[in-house]
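This report describes a protein chain with its bound ligands. The ligand surroundings come before the chain as a whole.

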Amino acid sequence: MSEAEELLALLVDHLQDGVWLLDADSAAIVEVSRSGSVQVGSRASTLLETNFCSLIEPEMTSEAWQLLLAQIPTAGSHTLAVGIRSAIGYVQAVDLTLTRDHSCGHQHERILAITRSQIPEADLSGAQRPELTGDLETLLDATLEALGEGVAILDQLGRVEKANSAFLELVDLQQSLVLDHSMFDPPWIWQSVQGDFIEIEDTPPVQALRTGKAQRLEHVQLRGNGLNRTLGDLISVEVTCEPLLGEDKTLRGAVLVLSDLTALVQSVGHREQIEATDPLTSLRSRHHITAQVDAAVRSAERNPSDPDDARVGVLHVDLDDFRSVNDTFGTAFGDEVLIAVADRLRDLTERHIEIGRVGVDEFLVVITGNDASLSFDTRLRRLAEELQRRIEQPLVVEGLELRLTASVGISRYPANASDGATLVRAADTALAASRREGRHQVRFFESSLDKRGRTGLALDRDLRLAAAQRNLQVYYQPIIDLKSGAVTGAEALVRWNHPEHGPIPPSIFIPDAEATGAISAISDMVVTTVAEDLAGWNEQSLLKAGSRIAINISATEFEQRGFVQRLAATLNNVGVLPSQLELEITETLLMRDVEVTAQRLSDLHELGFLVSLDDFGTGYSSLSHLHMLPLHTLKVDRCFVSELGDGRSQTITRAILNLAQGLGIHTVGEGVETEDQRRFLIEAGCDSVQGFLYAPPLPRLAFEKFMKNHRPVSALAV
Ligand code: C2E
Ligand code: CA
Ligand code: CA
């Protein structure tokens, strides 16, 4: 919008007259000003596409509309007196002025319609109002002011004609934002105690004006519109709305009375209070915290551009294996544990983080807004880890020291859901996935989890079963040193021979396994198998000193806490040294959280593991990071090697190899299939290769045979 257009829009919105833009042929409403929608007591969004003729009283037929059109001069306008009908049936006399709109070359002709109330606005609130005159009005004002309850007098369209101080105080709005403003457009926010949104059509004032009968709602939450207010400003009120009849018994408006229930709600021991908090931990109750999620989502929905409000994150936290605490020590002890855990989380509320207890050992944490310095996801992950840290501090209850762990599922608005209930469900789905991965996990909701939940369950179950029963095979692809021609190790590659579907390539099931969490089980199985095979080969002295077996590590596993420890423990069990393993990670990891990655890499390095960067050149990792990371090997992706006939690929490959050499990093060329490719790599200074030229990935026995029969051919011999 240009500045002039913006100014015009602002002006139009502040006019008392209704301004309408109509399609000439159909009389459909194309645009309507705020004042227009207030005149008829409907939201602008409801009015769009409705037929303007249907608002005219008596209803105008399309023939009459065409006749009317003919009377509008090409330049100039045509005015007539009509009745205009509001949503609740009240007919108001207006002057309707129609002008042809020539402003822009629309395909369809447009008509600009202005509806001006025949009773000037000033008269509505002026002293000559027929029902209330002189002293009577003063008396009424004084009476209203003396009342402790909030009272507003509405006209037929729901506009506030009068409001006493108690009313203004209660809704916490200035008089100018209330008087003459309709309660329907923009609508005030009405909610049930449970936090459910009440449609404007179902609120007492609309019902009273529509039916002419008194309406009452015992307990609702209400928030006036007009001020930029945030969560928690909903007031608890009892609402009554009494229709107001004129002397001729026609509906003149209504009296709206709000009784403040806040004090009641706050009084200790009150039913609502007990409902709002969990009696054991005094964290928020399930119903209260879910209402809070709802409210947060709605607030974000209304302020999509407000960085403080636009996002909502829900963390569903579950204590791992809490049942065994209850079973072993009894529920009274378990309760003490839960109280202690809640105490550790409570002060998070000071950071505008809401916490509720939603199951025996489950907590729901709601966080809104954003912090410009951190991505929202990073903030959520850090919060999840902080929750875990707090929960996992050793806990002494009745002289017993306990060590708990917790799993967390995370969902966020607007990425994963458009309403509160779905958002809570998504966090639950993510938690289920995180539980499947074992203890102490953090999992974000992904839509694939949802899909999996419905359709892919069988495959997922098969995969976990296969991993558990070790029905997945580990193949080994030899890696050859180019200078000596000797085998310096192998890359372990997983294979799944599905009983019904046949062999499924890892490129298909690994991404799925990452999404569902089955990757942990697969990885455990691969690591255990490799460790056991390595132990056997050490005994037979099958591998030369300094040989290594490379294992592929998914980003999701790598980021799991405890991953390094688990790995070390598995090797320790079978007496294999970390330096015999090389962990292949991908560039995408470096693009995530460089700090966390660097820390974990240095942990691995200190324990003696070697790390290699896989598929190098396919991601966007910053080369400048490479020298800061303790990397042992860099693997040049197959896509460059297979295109070595092409000059560009040659240049890139040379550049990668030079860079690695300069940093003292060992290099492996992947997917070498031809003699030409091998020769190029030797000449460019590549250290090792793997590929079909030497061998495909081989089952263990075939690999052992390959090792025994392999006769090194030195590069110098070529
Ligand atoms: P990757 O790490 O890039 O593995 C190399 C892939 O190239 C393997 O595919 C291998 O069979 C294939 N390959 C090796 N030499 C040649 C060649 O000369 N020509 C051609 N055309 N291909 C060759 P594979 O076994 O299908 O594995 C695909 C991907 O699945 C792997 O890519 C790796 O990212 C992943 N993967 C495999 N095993 C595991 C595992 O145990 N854990 C994890 N997290 N990922 C795995
Ligand atoms: Ca690899
Ligand atoms: Ca690779």
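In this predicted model, 21 residues surround ligand 1, and Gln477, Arg495, Arg638, Glu673 and Phe692 come nearest. By class, the residues of this shell divide into 8 nonpolar, 5 polar and 8 charged. Polar atoms of the protein that lie by ligand 1 include those in the table.

| Protein atom | Atom of ligand 1 | Distance |
|---|---|---|
| Gln477, polar side-chain atom | nitrogen | 2.9 Å |
| Glu491, polar side-chain atom | oxygen | 3.1 Å |
| Phe692, polar backbone atom | oxygen | 2.8 Å |

Taken alone, ligand 1 exposes 790 Å², and the protein buries 81% of that area. Three elements give two or more residues to the shell around ligand 1: β21 (487-498), α18 (506-516) and β25 (610-616). Strand β21 supplies the largest share of the shell, with 4 residues.

The model also holds calcium ions. The calcium ion (ligand 3) is coordinated by Asp614 (OD), Asp615 (OD) and, through two OE donors, Glu670, at 2.1 to 2.7 Å. Along the sequence, the donor residues of the calcium ion (ligand 3) follow the spacing D-D-x54-E. Asp614 also bridges to a second ion: the calcium ion (ligand 3) and the calcium ion (ligand 2) lie 3.7 Å apart, with Asp614 between them as the bridging residue. Asp614 is in strand β25, whereas Glu670 is in the loop between β27 (666-669) and α27, so that the pair links distant parts of the chain, 56 residues apart. Asp614 counts as buried because its relative accessibility of 5% is under 20%. Glu670 is also buried, with a relative accessible area of 10%.

Helix α27 spans residues 675-684 and contains Gln677. Is Gln677 buried or exposed? With 10% relative accessibility, Gln677 counts as buried, because the limit is under 20%. Beyond its neighbours within four places in sequence, Gln677 is in contact with Val641, Ser642, Leu644, Gly671 and Val672.

For the protein chain overall, there are 28 helices and 28 strands. The chain has 718 residues, of which 48% count as buried. Among contacts with a separation of 6 or more, 61% are between residues 24 or more positions apart. The protein chain exposes about 34,300 Å², with 53% of this supplied by carbon and sulfur atoms.

Conventions
Residues numbered from 1 in each chain as written. Chains lettered and ligands numbered in written order. Predicted model: local features only at pLDDT ≥ 70, side-chain atom pairs only at ≥ 80, totals over all residues. Heavy atoms only, no water. Near = heavy atom within 4 Å. Polar contact = N/O pair within 3.5 Å; in protein donor to acceptor, adjacent residues only side chain to side chain. Areas by Shrake-Rupley, 256 points an atom, 1.4 Å probe, with all protein chains shown as cover. Nonpolar A, V, L, I, M, F, W, Y, C, P; charged D, E, K, R; others polar. Buried < 20%, exposed > 50% of the residue type's maximum accessible area, 1.4 Å probe, protein only. Contact = heavy atoms within 4.5 Å. Donors = N, O, S within 2.8 Å, 3.2 Å for Na, K, Ca; no water.
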